[in-house]
Amino acid sequence: MCSHQPPCPAVDSADHDAARTVASHPEQGWSLLCNGAVVFDDTGELLPDGRTVAPRRPALV
């Protein structure tokens, strides 16, 4: 999916959320990344293969 240099991290790499944004919809709370991941304002993610990543919540101290 990535046609620029340097290429974005693959969706299965630890830093996959560092990929470039290709479509942003802040009014709906989500953005599409170059590697195919959809990231949400609450930090949850939907990966291209249908897997989900739960939102990262700060630890209560």
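## Glu45, a buried acidic side chain

With a relative accessibility of 4%, Glu45 counts as buried, because the cut-off for that class is under 20%. This value comes from a predicted model. Glu45 belongs to strand 4, which spans residues 45-46.

The side chain of Glu45 takes part in polar contacts with two partners named here. One joins the side chain of Glu45 to that of His16 at 2.4 Å. Another, at 3.4 Å, joins the side chains of Glu45 and Arg56. When neighbours within four places in sequence are set aside, the residues in contact with Glu45 are His16, Asp17, Val38, Val39, Phe40, Arg51, Thr52, Val53 and Arg56.

## The sheet around Glu45

Five strands form an open sheet in the order 1-2-3-4-5, with antiparallel pairing. Strand 1 (21-25) and strand 5 are the edge strands; each has a single partner strand, so one side of each lacks a neighbour in the sheet.

Strands 4 and 5 run antiparallel and are joined by two bridges. Within this part of the sheet, Glu45 stands opposite Val53 of strand 5. Val53 also appears among the residues in contact with Glu45.

## Salt bridges

Three salt bridges are counted in the model. In one of them, the side chains of Asp17 and Arg56 meet with an N to O distance of 3.6 Å. Asp17 lies in the segment before strand 1 and Arg56 in the segment after strand 5, so this pair ties together parts that are 39 residues apart in sequence. Asp17 is partly exposed, at a relative accessible area of 38%, and Arg56 is partly exposed as well, at 48%.

Arg56 also meets Glu45 in a salt bridge, with an N to O distance of 3.4 Å. Since Arg56 lies in the segment after strand 5 and Glu45 in strand 4, the pair ties together parts that are 11 residues apart in sequence. Asp17, Glu45 and Arg56 are thus linked in a network of salt bridges. In this network, Glu45 is buried at 4% relative accessibility, whereas Arg56 is partly exposed.

A further salt bridge joins the side chains of Arg51 and Asp49 at 2.7 Å, N to O. Arg51 counts as partly exposed, at 45% relative accessibility, while Asp49 is exposed, with a relative accessible area of 52%. Arg51 is also one of the residues in contact with Glu45.

## Thr43 and its backbone angle

Thr43 is placed in the loop between strand 3 (38-40) and strand 4. Although Thr43 is not a glycine, its phi is positive, at about 80 degrees. Most residues other than glycine have a negative phi. Thr43 is partly exposed, with a relative accessible area of 28%.

## Cysteines

The count of disulfides is zero. Cys8 is buried, at a relative accessible area of 16%, and Cys34 also counts as buried, at 5% relative accessibility.

## Confidence of the model

The protein chain has an average pLDDT of 89, and 93% of the residues score at least 70. Confidence is highest in strand 2 (residues 30-33), with a mean of 96. It is lowest in strand 5 (residues 52-53), where the mean is 92. Strand 5 is also the strand that holds Val53, the residue opposite Glu45.

Notes
Residues numbered from 1 in each chain as written. Heavy atoms only, no water. pLDDT = per-residue confidence, 0-100. Helix = DSSP H or I, 4+ residues; strand = E, 2+ residues; numbered from the N terminus. Buried < 20%, exposed > 50% of the residue type's maximum accessible area, 1.4 Å probe, protein only. Polar contact = N/O pair within 3.5 Å; in protein donor to acceptor, adjacent residues only side chain to side chain. Contact = heavy atoms within 4.5 Å. Pairing = 2+ DSSP bridges. Disulfide = S-S within 2.5 Å. Salt bridge = Lys/Arg side-chain N within 4 Å of Asp/Glu carboxyl O.
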